[in-house]
Amino acid sequence: MSSPDPLVSGSQRRQVRERALGLLYEAEAKTIDMAELLADLELPLDPYAHTLVTGAAEHQSDIDARLEELSENWPVARMPALDRAILRLASFELAHSTDISVAVIINEAVELAHEYSTPASAGFINGLLSQVATSVRPAPDE
């Protein structure tokens, strides 16, 4: 998987994640395939943003199944669309970007929720992603 460049600043990585979030949300809102959406982009997409959106889209059914299992009687379909996009993006990153710390991924997701979603979303996303992290990155044996 293409990882973010370690020389890229945190604010640039934040912009990459914001762009990926926007594309995930747009594809769902328009009910179109991610490949179709990406084909219509006028400007090239950052390689890591491309990895995030294509990976989250490709693994969406597995991600959604995990989210449903962990969210305790809160179906993914009932979650706000923007929260779903944040959760899918961060869940994919937690499972497939093991060179990025869990804390950084969850913090970025919570910050995106603070900025773009409802006031209650940040806490919900933090709690659910903490469970996702535990399930996809189990602690090493001590």
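## Working around helix α5

Ser 91 sits in helix α5. The model is a predicted one, so let's treat these as exercises on its coordinates.

**Exercise 1.** Work out whether Ser 91 is buried or exposed, and find what it touches beyond its sequence neighbours.

*Solution.* Start with the relative accessible area, which is 5% for Ser 91. The cut-off for buried is under 20%, so Ser 91 counts as buried. Next, skip residues up to four places away in sequence: Ser 91 then touches Ile 63, Leu 67, Leu 129 and Val 132.

**Exercise 2.** Do the same for Arg 84: buried or exposed, and in contact with what?

*Solution.* First place Arg 84, which is also in α5. Its relative accessible area comes out at 10%. That is under the 20% cut-off, so Arg 84 is buried. Leaving aside neighbours within four places in sequence, the contacts of Arg 84 are Glu 28, Val 76, Ala 77 and Met 79.

**Exercise 3.** Compare the expected span of α5 with the distance between its end C-alpha atoms, then say how enclosed the helix is.

*Solution.* Count 16 residues in α5 and allow 1.5 Å a residue. The expected span takes one less than the number of residues, which gives 22 Å for α5. The end C-alpha atoms of α5 are 22 Å apart, so the two values agree. Now for burial: 13 of the 16 residues of α5 are buried, so the rest of the structure largely encloses this helix.

**Exercise 4.** Describe how α4 and α5 pack, and sort the contact residues by class.

*Solution.* Two packed helices are described by the angle and the distance between their axes. For α4 and α5 the angle is about 100 degrees and the axes lie 10 Å apart. Angles of 65 to 115 degrees count as roughly perpendicular, so α4 is roughly perpendicular to α5. On the α4 side, the contact is made by Gln 60, Ile 63, Asp 64 and Leu 67. On the α5 side, look for Leu 87, Arg 88, Ser 91 and Phe 92. Sorted by class, this contact has 4 nonpolar, 2 polar and 2 charged residues.

**Exercise 5.** Find which residues of the largest nonpolar core touch the most other members, and which helix gives the largest share.

*Solution.* The core has 41 residues, and Val 53 and Leu 129 touch the most other members. Several helices supply at least two residues each, including α1 (10-30), α3 (47-58) and α7 (121-136). The largest share, 8 residues, comes from α5. To finish, look at Val 53: beyond its neighbours within four places in sequence, it is in contact with Ala 20, Leu 23, Leu 24, Met 34, Leu 38 and Leu 45.

Notes. Residues numbered from 1 in each chain as written. Predicted model: local features only at pLDDT ≥ 70, side-chain atom pairs only at ≥ 80, totals over all residues. Heavy atoms only, no water. Core = buried A, V, L, I, M, F, W, Y, C linked by side-chain atoms within 4.5 Å. Buried < 20%, exposed > 50% of the residue type's maximum accessible area, 1.4 Å probe, protein only. Helix = DSSP H or I, 4+ residues; strand = E, 2+ residues; numbered from the N terminus. Contact = heavy atoms within 4.5 Å. Axes fitted to C-alpha atoms, helices over the stretch in contact; angles between N-to-C directions. Parallel < 35°, antiparallel > 145°, perpendicular 65-115°, else oblique. Nonpolar A, V, L, I, M, F, W, Y, C, P; charged D, E, K, R; others polar.
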